[in-house]
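Biologist: Please take me through the ligand site, piece by piece. Then go on to the empty spaces elsewhere in the protein.

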Amino acid sequence: MDQKAAAALGKTPEERLEAAMKKDPLLSSETRGAKRISEAATYANYQLISTQGIGENWASVGDAFGFVDPMLSPGMMLALHSAELLDEQLSTKALEDALQVYSTKMTESLNAWRDLIDYFYDGRIFELHDRGSEFQTKFPFLPLGFIETFMNTNMSGMASGFTTAEPWSRGVLKYAERFVLGNTPYRSCYAIA
Ligand SMILES: Cc1cc2nc3c(=O)[nH]c(=O)nc-3n(C[C@H](O)[C@H](O)[C@H](O)COP(=O)(O)OP(=O)(O)OC[C@H]3O[C@@H](n4cnc5c(N)ncnc54)[C@H](O)[C@@H]3O)c2cc1C
């Protein structure tokens, strides 16, 4: 959740939890009459990408190199991928080059995941979906289904890790954002908007 949106809900975690539950229609109806029986726990952002993931005769792998996405859960995949990539580089290049290439590729991969997950955290992905659906409802005579299929396929490829860092997939998402959202505001905190 966006920090400013969270702060607007109240001063303490308890106040924020209760305000969020009250504001959201689904949560408020589901929790009518509910009573809190423990303290409200908070969880701060633990996204990180190491500024230095390699050094003389050492390299970090997995979470030690970076962890960016608790939502789409690529942690295990990236941990295994980093070990595989390091092994591949070490068996084909001299040590220093191997570590450098490994570090560059891992940083690119983590940055691509962080870019993707930002779309979910700040609500752009939901806004894109909603605006597409609104457009289809407004112009039912236009054959727009293929655009939805195309966007869904692109998003599945990215969210499953197959094409997360591919320039084409990232470009499609950026272009859709520019074309559909433009400079219009979108709901920064979707659940309680
Ligand atoms: C609550 C939770 C839910 C998650 N859910 C998912 C999920 O659904 N899907 C997914 O893909 N990922 C998930 N992840 C992330 C995933 O677990 C991690 O990204 C992944 O385990 C990272 O692997 P790793 O080998 O880099 O690190 P770790 O699995 O953390 O392994 C590091 C190991 O090093 C050991 N260690 C630490 N310090 C030392 C030391 N000084 N000496 C010796 N050993 C040491 C630790 O005990 C640990 O065993 C989740 C993480 C959490 C916390």
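**The ligand shell and the spaces beyond**

Modeller: In this predicted model, the shell around the ligand is made up of four nonpolar residues, three polar ones and one charged one. Their names are G62, D63, F67, S73, P74, G75, M76 and A79. Which helix gives the most to this shell? Helix α4, residues 75-92, does, with three residues.

Now the polar contacts. Each of the next three pairs has an oxygen atom of the ligand on one side. On the protein side, D63 uses its side chain: one of its polar atoms lies 2.8 Å from a ligand oxygen. M76 uses its backbone instead, with an N or O atom 2.9 Å from an oxygen of the ligand. S73 also works through the backbone, where a polar atom sits 3.0 Å from a ligand oxygen. How much of the ligand does the protein cover? On its own the ligand has 1,000 Å² of accessible area, and the protein covers 28% of that.

Next, the empty spaces. Rolling a probe the size of a water molecule over the atoms reveals where empty space remains.

Take the second largest pocket. Its space comes to about 750 Å³. The lining has 23 residues, and L128, G132, I147, M151 and V180 are the closest to the centre. Three helices each supply at least two lining residues: α6 (124-138), α7 (145-159) and α8 (167-181). Of these, α6 gives the largest share, nine residues. By class, the lining of this pocket splits into 16 nonpolar, five polar and two charged residues.

Then there is the enclosed space. The structure holds one cavity of 30 Å³ or more. The largest cavity has about 60 Å³ of space. A112, D115, L116, Y119, M158, R170, L173 and K174 line it. Both α5 and α8 give two or more residues to this lining. The largest share is four residues, from α5. Here the classes are five nonpolar, no polar and three charged. Helix α8 thus turns up in both linings, that of the second largest pocket and that of the largest cavity.

Last, a check on α5 itself. It runs over residues 95-121, a total of 27 residues. At 1.5 Å a residue, α5 should span 39 Å; its end C-alpha atoms are 38 Å apart, so the two values agree. Just past the end of α5, G123 has a positive phi of about 90°.

Notes. Residues are numbered from 1 along each chain as its sequence is written. This is a predicted model: local features need pLDDT of at least 70, side-chain atom pairs count only at pLDDT 80 or more; totals for chains, interfaces and linings use all residues. Side-chain values use heavy atoms; hydrogens and water are left out. The expected span of a helix is 1.5 Å times one less than its number of residues. A residue is near a molecule or strand if one of its heavy atoms lies within 4 Å of it. A polar contact is a pair of N or O atoms within 3.5 Å; within protein, one must be able to donate a hydrogen and the other to accept it, and residues adjacent in sequence count only if both atoms are side-chain atoms. Accessible areas come from the Shrake-Rupley method with a 1.4 Å probe; for residues, only the protein chains shown count as cover. Ala, Val, Leu, Ile, Met, Phe, Trp, Tyr, Cys and Pro count as nonpolar, Asp, Glu, Lys and Arg as charged, and the others, Gly among them, as polar. On a 1 Å grid over the protein atoms alone, a cavity is a set of points where a 1.4 Å probe fits but cannot get out, and a pocket is an open set with protein on both sides within 12 Å along at least five of seven lines; lining residues have an atom within 4 Å of a point. Grid points are joined across faces, edges and corners, and a volume is the space filled by probe spheres set on the points.
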